[in-house]
Amino acid sequence: AVLNTDIVTISKNLTNSSYDGSIGKNLTIGENATFNITFTLSRGQYGNLTLTDKLPDGMILDPESIRVNIEKNNFNGTNHNLNYTINVSSDNQSFTILFLTNSTNNATISNIMNNNVTVTYNATLKNITGNTNGKVLTNNATINWTAILKAHSATENVTIVEPFLNVNKTANDTSLNLGDEFSYNITVSHAENSKVNAANIIIT
């Protein structure tokens with residue numbers, strides 16, 4: 001007999017980002033972020049075991065970056081590895097992973113306790129009007145299977161940070177006669193409410 005259980009833990013974390021200037025769980029426009037989802041399965045049978053991740057509107061998924069790592073791949077006895085299929089939404093806002101053993105939709109753990117599965121992927125903070133300084137974006141991951149009443153979920157919040165810059169332009173001489181040469185000095189500095197370093201500044 002197979003013990004049916006719902007002793008499952010799931011966690012989700014922002015583990016890395018492409019810009020050193022944003023600290024902790026802060027992201028700036030155009031920044032690429034790496035998310036890590038880990039769930040642990042105890043002994044039992046999980047029919048139609050599915051992981052779903054939904055990005056907030058302000059972020060977009062890189063489908064090619066999705067990676068799945070199964071720590072102890074020995075399900076339902078010897079030579080029954082846990083396989084999976086990945087389906088990404090057409091707008092790259094979400095993905096679903098269906099786990100199965102061989103040709104069935106039942107992921108059965110009969111020999112190994114506490115199987116850890118880790119999913120990592122990258123997403124980019126979009127340059128849209130809704131992404132403003134201080135806004136918090138919530139990213140949800142949910143693990144589900146048949147015969148349970150409630151799915152197991154984990155969330156990770158990120159905060160948008162943006163630079164705010166002051167531009168000051170002055171002439172080196174304001175008392176000029178016809179034919180005199182002069183120069184302009186342009187100074188760009190952070191405003192008091194600026195939260196992150198600015199990069200790729202263009203002055204025109």
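## Close-up views of the predicted model

**View A. Phe182 is partly exposed, at 39% relative accessible area.** The model shown in every view is predicted. The search of the whole structure gives five aromatic pairs. One of them joins Phe182 and Tyr184: the ring centres are 5.2 Å apart and the planes meet at 80°, so the pair counts as edge-to-face. Tyr184 has a relative accessibility of 49% and is therefore also classed as partly exposed. Lys169 lies over the face of the Tyr184 ring, 4.3 Å from the ring centre.

**View B. Asp53 and Lys12 are joined by a salt bridge.** The closest approach, N to O, is 2.4 Å. Asp53 belongs to strand β5 (residues 49-54) and Lys12 to strand β1 (residues 8-17), so the bridge ties together parts that are 41 residues apart in sequence. Are Asp53 and Lys12 buried or exposed? Both residues are buried. Lys12 has a further partner: the charged end of its side chain sits over the ring of Phe35, at 5.3 Å from the ring centre. Phe35 in turn forms one aromatic cluster with Phe95 and Tyr121.

**View C. Lys25 and Glu156 form a salt bridge.** The structure contains two salt bridges. In the pair of Lys25 and Glu156, the closest N and O atoms lie 2.8 Å from each other. Lys25 is in the loop between β1 and β2 (26-27), while Glu156 is in strand β12 (residues 152-160), so this bridge ties together parts that are 131 residues apart in sequence. The two ends fall into separate accessibility classes: Lys25 has 40% relative accessibility and counts as partly exposed, whereas Glu156 has 7% relative accessible area and is buried.

**View D. Six side chains, those of Leu165, Val167, Ile186, Val188, Ile201 and Ile203, make a nonpolar surface patch.** The area of the patch is about 510 Å². Which strands each supply at least two of the patch residues? They are β13 (165-171) and β14 (184-190). Ile186 is placed in strand β14 and has a relative accessibility of 43%, hence its class of partly exposed.

**View E. Thr50 is shown with the residues that it touches.** Thr50 is in strand β5, the strand that also holds Asp53 of View B. With a relative accessibility of 18%, Thr50 counts as buried, because the class covers values under 20%. Leaving aside residues up to four places away in sequence, Thr50 is in contact with Thr96, Ile97 and Leu98, and also with Thr142, Ile143 and Asn144.

**View F. The whole chain is given for orientation, with 14 strands and zero helices.** Read from the N terminus, the elements run β-β-β-β-β-β-β-β-β-β-β-β-β-β. The chain has 204 residues, and 35% of them count as buried. Among contacts with a separation of 6 or more, 70% are between residues 24 or more positions apart. The exposed area of the chain is about 11700 Å², and carbon and sulfur atoms contribute 45% of that area.

Conventions
Residues numbered from 1 in each chain as written. Heavy atoms only, no water. Salt bridge = Lys/Arg side-chain N within 4 Å of Asp/Glu carboxyl O. Helix = DSSP H or I, 4+ residues; strand = E, 2+ residues; numbered from the N terminus. Buried < 20%, exposed > 50% of the residue type's maximum accessible area, 1.4 Å probe, protein only. Phe/Tyr/Trp six-rings, centres within 6.5 Å; stacked < 30°, edge-to-face > 60°. Lys NZ or Arg CZ within 6 Å of the ring centre and 35° of its normal. Patch = residues over 30% accessible without salt bridge, like charges linked within 9 Å, V, L, I, M, F, W, Y side chains within 5 Å. Areas by Shrake-Rupley, 256 points an atom, 1.4 Å probe, with all protein chains shown as cover. Contact = heavy atoms within 4.5 Å.
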